[in-house]
Amino acid sequence: MSAPHPSDQPRTPLIAANWKMHKTIEQAEEFIQALLPRVSSLERTEVAICPPYTALQAMVDSTRGSRVAVYAQNMHQAAEGAFTGEESVSMLTEIGVHGVILGHSERRENFNETDKALSQKVPAALEARLLPVLCVGETEEEREQGDTERKLRHQVQEDLARVDTERLGEVVIAYEPIWAIGTGRVATPEQAEEAIAFVRALVGDRSPEQAGRTRILYGGSVNADNAAELLALPEIDGALVGGASLEAESFAAIVAAAD
């Protein structure tokens, strides 16, 4: 009997809310109190919120014992040092954070985050038992020029270069076409499935087994109206949600579509 295709192996869906620079602690508390009863009966989907740094501790406290995990939006690769405005892995783990977004296009474009830095951040997060959510994706110009695969290949290979092969499946990858982030434009199901299958194949170049374990999310104007269609695709293991995650009702609807 032939071995199963990596995509045939069951993977737990993950829906993560990236709040970006939104929500005070008071607003975050209002959100989480509205969200928790809406996701209390989930059967298989993992849920995470990614608040700004100031609200991390409050959200860890308010979600304790629930099905909702708390991720940071960024971290520095160094254990400590003269890095004004940054947070280290130990600062995040000390307050009970469960994971961290790494390499979001806004960090890459607006704050010059490099693939070299990410190649250090991803294994640092793994070593600290933080779940890394590595973001990759192409610009509109790159897609129009047929450079989508070249861009994804570069990001995936560079950013995971220092991750031990046997731990590749512990990294969550979020495919976020930059042209679809915050624009209201969404990749077609065919575009999303094709790109995510390509990302999985890149992981499979190092280990087919780990490719089967790797959860790959879609991000880019995901909302309650389009979530079901996207999340039904066999290669897509969840979503990294931006604007639609700022309201508990709309975010819960996306979670329900995954569950």
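There are 3 aromatic pairs in this structure, which is a predicted model. I will go through two of those pairs, then a cluster, then two charged side chains.

Start with Phe31 and Phe251. Their rings form a tilted pair, 6.4 Å from centre to centre, with 45 degrees between the planes. Where along the chain do Phe31 and Phe251 lie? Phe31 belongs to helix 1, residues 25-39, and Phe251 to helix 11, residues 248-258. The two are 220 residues apart, and the pair links these distant parts of the chain.

Are these two rings' residues buried or exposed? Phe31 has 4% relative accessibility, and the cut-off for buried is under 20%, so Phe31 counts as buried. Phe251 is buried as well, with a relative accessible area of 0%.

Next, Tyr175 and Tyr218. The ring centres are 6.3 Å apart and the planes meet at 50 degrees, so this pair is tilted. Tyr175 lies in strand 6, residues 172-175, and Tyr218 in strand 7, residues 216-218, so the pair ties together parts that are 43 residues apart in sequence. Both Tyr175 and Tyr218 are buried.

Now back to Phe31 and Phe251. Which residues do ring pairs link into a cluster? They are Trp19, Phe31 and Phe251. Trp19 also has a charged neighbour: Lys23 lies over the face of its ring, 5.4 Å from the ring centre.

The last item is a second charge over a ring. The charged end of Arg107 sits over the ring of Phe111, at 4.3 Å from the centre of that ring.

How values were computed: Residues numbered from 1 in each chain as written. Predicted model: local features only at pLDDT ≥ 70, side-chain atom pairs only at ≥ 80, totals over all residues. Heavy atoms only, no water. Phe/Tyr/Trp six-rings, centres within 6.5 Å; stacked < 30°, edge-to-face > 60°. Helix = DSSP H or I, 4+ residues; strand = E, 2+ residues; numbered from the N terminus. Buried < 20%, exposed > 50% of the residue type's maximum accessible area, 1.4 Å probe, protein only. Lys NZ or Arg CZ within 6 Å of the ring centre and 35° of its normal.
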